[in-house]
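User: I'm new to this one, so could you walk me through it slowly?

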Amino acid sequence: SGVCPSDRGAGALKGNVLRDGEPRNADCGPLTTCIGMAEFSKMQSGMLQLDDRPFMVHECIDLTLEVVQMKADAKGLELVSWVSSAVPRVSIGDAGRLRQVLLNLLGNAIKFTPSGLVSLRCLPGIDHSRLEFEVADTGIGLSEATIHQLFQPFVQADATMARRFGGTGLGLVISRNLVQLMGGELSVASEGEGRGSVFRFWVRHREPSSTTPELRAFSPNPRFCEG
């Protein structure tokens, strides 16, 4: 089928991880806590700028999964990933912002899945001009009415869930805005409450040339995917 499991260790990262060259605690909540209002305000004012440099796609995915593995293990959830063998090794873009979106979607999937499975898939676009991602879970699911509200700032699925799980409701709004800034779209589907959810998004992919100066200096085995 051309799809193979991502080759990654089972252990979670401990301590701090790097984003944009700065230390950040791996236990920090996805997006809404780590970025929060300042990031949202910057987006609203059009002041947020993206990085544009080569990054290792598979390593970026692996690092993201390692960060959330500990939370999945704590809930007894199975966390699996499948990366197509056709996904390019290197892409030009903002790896840090891509990780932020993945961390938010995976973090939400783990938060709202009492038992079962959370999965991440990555595929190339049909014309190889984009990278496609899918985060699926066997969690509490979403009603049609809830789906229509998901991307509104400060909206949780309902008040009971907000009290139970916490959060500001900004995470998905920020994620969608980041995906759009990266040239893509973010969507969600669910067969209803109690039947899990699937979030899909894609971002623009550009191949670096062999003469790209940054690519020549790029480590083939980086410790971190620099954003």
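**Starting with one serine**

User: What is Ser-119 in contact with, leaving aside its neighbours within four places in sequence?
Analyst: With those neighbours set aside, Ser-119 is in contact with Val-80, Glu-134, Val-135 and Ala-136, where contact means heavy atoms within 4.5 Å. Ser-119 lies in strand 7, and helices (H or I, at least four residues) and strands (E, at least two) are DSSP runs, numbered from the N terminus.

User: What kind of model am I looking at?
Analyst: This is a predicted model, in which local features need pLDDT of at least 70 and side-chain atom pairs count only at pLDDT 80 or more, while totals for chains, interfaces and linings use all residues. Residues are numbered from 1 along each chain as its sequence is written, and side-chain values use heavy atoms, with hydrogens and water left out.

User: Is Ser-119 buried or exposed?
Analyst: Ser-119 is buried, at a relative accessible area of 12%; buried means under 20% relative accessible area, exposed over 50%, and partly exposed in between (1.4 Å probe, protein chains only).

User: What about the chain overall, how many helices and strands are there?
Analyst: The chain has seven helices and ten strands, and 48% of its 227 residues count as buried. Among contacts between residues at least 6 apart in sequence, 75% join residues at least 24 apart.

User: Back to strand 7, what does Cys-122 touch?
Analyst: Cys-122, which is placed in strand 7 (residues 117-124), touches Ile-61, Trp-82, Val-83, Ser-84, Val-87, Glu-132 and Phe-133, if residues up to four places away in sequence are not counted. Its relative accessible area is 0%, so Cys-122 is buried. The C-alpha atoms of Cys-122 and Val-83 are separated by 4.8 Å, although these residues are 39 apart along the chain.

User: And Ala-86, where is that?
Analyst: Ala-86 is in the loop between strand 5 (78-84) and strand 6 (90-93), and it counts as partly exposed because its relative accessibility is 39%. From Ala-86 to Cys-122 the C-alpha distance is 9.6 Å, with their positions 36 residues apart in sequence.

User: Which residue in the loop after strand 7 has a positive phi?
Analyst: That is His-128, in the loop between strand 7 and strand 8 (130-137); its phi is positive, about 60°, although His-128 is not a glycine.

User: Moving on to strand 8, what does Asp-137 touch?
Analyst: Asp-137, in strand 8, touches Ala-109, Thr-113, Leu-117, Val-118, Gly-196 and Ser-197, again not counting residues up to four places away in sequence. With a relative accessible area of 12%, Asp-137 is buried.

User: Let's switch to helices. How do helix 3 and helix 6 cross?
Analyst: Two packed helices are described by the angle between their axes and the distance between the axes. Here the axes of helix 3 (residues 95-111) and helix 6 (residues 171-181) come within 9 Å and cross at roughly 145°, with axes being lines fitted to C-alpha atoms, for helices over the stretch in contact, and angles running from 0 to 180 degrees between N-to-C directions.

User: Which residues meet there?
Analyst: Arg-97, Gln-100, Val-101, Asn-104, Leu-105 and Asn-108 in helix 3 meet Gly-171, Leu-172, Ser-175, Leu-178 and Val-179 in helix 6. By class, this contact has five nonpolar, five polar and one charged residues, where Ala, Val, Leu, Ile, Met, Phe, Trp, Tyr, Cys and Pro count as nonpolar, Asp, Glu, Lys and Arg as charged, and the others, Gly among them, as polar.

User: Why is helix 6 described as largely enclosed?
Analyst: Eight of its eleven residues are buried, so helix 6 is largely enclosed by the rest of the structure. Among those buried residues are Val-173, Ile-174 and Asn-177. Helix 6 is followed by Gly-183, whose phi is positive, near 85°.

User: Last one, where does helix 2 bend?
Analyst: Helix 2 bends by about 35° at Val-68, the bend at a residue being the angle between axes fitted to the seven residues ending there and the seven starting there. Val-68 is one of the buried residues of helix 2, which also include Ile-61 and Ala-72. Just after helix 2, Gly-76 takes a positive phi of about 70°.
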